[in-house]
Every structure is written in C-alpha cells, then in structure tokens.
Amino acid sequence: MKVSLLGSSGKMGKSMIELAHDDPSVSIANALVRPDSKYLGKDVGEEHFNKRSGLKFCAFPKENFDIFIDFSTNNQLEEKIELYKKFGKPLLFCSTGLNKDEELKIKQLSSSFPVFYAPNTSLVLNYLTNMAKKVSTSLDFSEIIIEEQHHKSKIDTPSGTAKEIAESLHIDANNILSKREGSSGNYHKIIFKNRNEEIQISHFGLNRKLYAEGAINIAKWFYQKPKNLYHMQTLIKEIYE
C-alpha cells in the first residue's frame, strides 16, 4: 500500500513515517507539505531522524500511490479538496478542528471516491464511546460531563473526538472541559453523575504511536473498498461485531 501523506512534517507525520518504515506492506510514496512550507525539498529522514532517506518533502504527489492519509492541520482546506479531486484516490481524513460546513465538504467527496472520516483513529477510544452511549440510554443520570486534555501545541479546542462524543450523547460542545498542557499524552473522560453515584469512562493516549498504528490499520482495511463514506463505527461493525 503506497501512501501520500499530508502533514508529513508534523509530529503525527513523523510517527506515521516511522511505523511505515517498519511495515513491509506500507510505504510513504509522497511526503506532502504546504507549498510555502520551510521543509519543501528537504530530506524527510534528515529532518525527522537525522538520517538521510532519499524521500523528500513535496507539495504535490510525484510518485504513484494508492491512498491519501491526511494528518495535516485544517488550513487551506479548499486547496486540499482540489488535490483529492484531481487524483480521485481513497482518502483517510484524520485532520481535526473543522466546522460543520467543512466536515460536510469532506464527507461529500465520498460520492466520487472512498472517504474514511476519522478525527480519532484509536479503536479502543471508539469502543469506549459506544459504551458511553449505552450507559447514557440505559441508565438514569442527572448530569453528563466530558473532559479532555491534549498537549499545549494542539490547535483546536475542544478536540474533534470530544465534540463527536458530545454529539453522540446530545451534549452541547460548549460545555466540554478542555485543557492544553504538556508536550505529549492526552485523555478523554466521560463522567455520569446523579445524587448518589458516579460512573467514569476514560481513555488515556500515552503517545502518538497509537494513532499512527490505528491509521495504518484503517488504511489497510479501507483503501480497496468501493466509494462510500466510512467511519470508525463502520470498521468496528464489520470486523468486530
């Protein structure tokens, strides 16, 4: 599986490149960055691992590939959409911080080619979200609280995952409690309360590797699927239920 990776110069991009290097069934064919990026034309290995790789950061795919994986920021979305349309390849979209209109634009691409929309690629976290939905609909709680924390350099607040959890539980996203501190690690916590008891469902991400692993596993499952819109719940239902 040959990947064109958007956001290749970032921290998630680095994790993706590192994992792909150790997986003989995956290769990064194009390490994509913005046309104005300071990394454009530089060697990917030298920048990320202090070891020359021969793969260079580029603004446009130069090598043949099977799938786009996008871990970039939500900047220049219209330009990226035009790129996706030009090639018509399957798209695993992992960027966060989009508003509803922007989300819709990405999802509408699925009428032309396969799109997997995944603001969070952790299978475990998505299982916990399912569990929270069951608790919410089966038991009577007077209050539901969502808390999330990410590293201080994360741009969007609250996280895309927290907003998805809030939407699934019919909670106003403005009431999510968000923290931005430290350099790594994150958690999402759902707290159910009533007068006499409390339930907490939590997920702690210890490093970015888990999201890179999740993305690669999703891509392997997804990239030869027919055109349609896919989510984590689609994968969970087909493989694990």
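**Figure 1. The whole chain, with eight helices and 11 strands.** Welcome to this predicted model. With a radius of gyration of 18 Å, close to the 18 Å that the globule rule gives for 241 residues, the protein chain is as compact as a globular protein of that length. Along the principal axes, its C-alpha atoms occupy a box of roughly 60 × 40 × 35 Å. If we take contacts between residues at least 6 apart in sequence, 69% of them link residues at least 24 apart.

**Figure 2. Surface and interior of the protein chain.** Of the 241 residues, 48% are buried. The accessible surface amounts to about 12,800 Å², and carbon and sulfur atoms account for 48% of that area. For those thinking about electrostatics, there are 33 positive and 30 negative side chains, and the centres of these two sets sit 4 Å apart.

**Figure 3. A close-up of H203 in strand β10.** Here we zoom in on one histidine, H203, whose strand covers residues 198-205. H203 counts as buried because its relative accessibility is 7%, and the cut-off for buried is under 20%.

**Figure 4. The neighbours of H203.** Setting aside residues within four places in sequence, H203 touches S122, V124, L125 and L128, along with N186, Y187, H188 and Y211. One of these partners deserves a second look: the side chain of S122 makes a polar contact of 3.4 Å with the side chain of H203.

Methods: Residues are numbered from 1 along each chain as its sequence is written. This is a predicted model: local features need pLDDT of at least 70, side-chain atom pairs count only at pLDDT 80 or more; totals for chains, interfaces and linings use all residues. Side-chain values use heavy atoms; hydrogens and water are left out. Helices (H or I, at least four residues) and strands (E, at least two) are DSSP runs, numbered from the N terminus. Buried means under 20% relative accessible area, exposed over 50%, partly exposed in between (1.4 Å probe, protein chains only). A polar contact is a pair of N or O atoms within 3.5 Å; within protein, one must be able to donate a hydrogen and the other to accept it, and residues adjacent in sequence count only if both atoms are side-chain atoms. Contact means heavy atoms within 4.5 Å. The radius of gyration is taken over C-alpha atoms; the globule rule is 2.2 Å times the number of residues to the power 0.38. Accessible areas come from the Shrake-Rupley method with a 1.4 Å probe; for residues, only the protein chains shown count as cover. Lys and Arg count as positive and Asp and Glu as negative; His and the chain ends are not counted. The place of a charge is taken as NZ of Lys, CZ of Arg, CG of Asp or CD of Glu.
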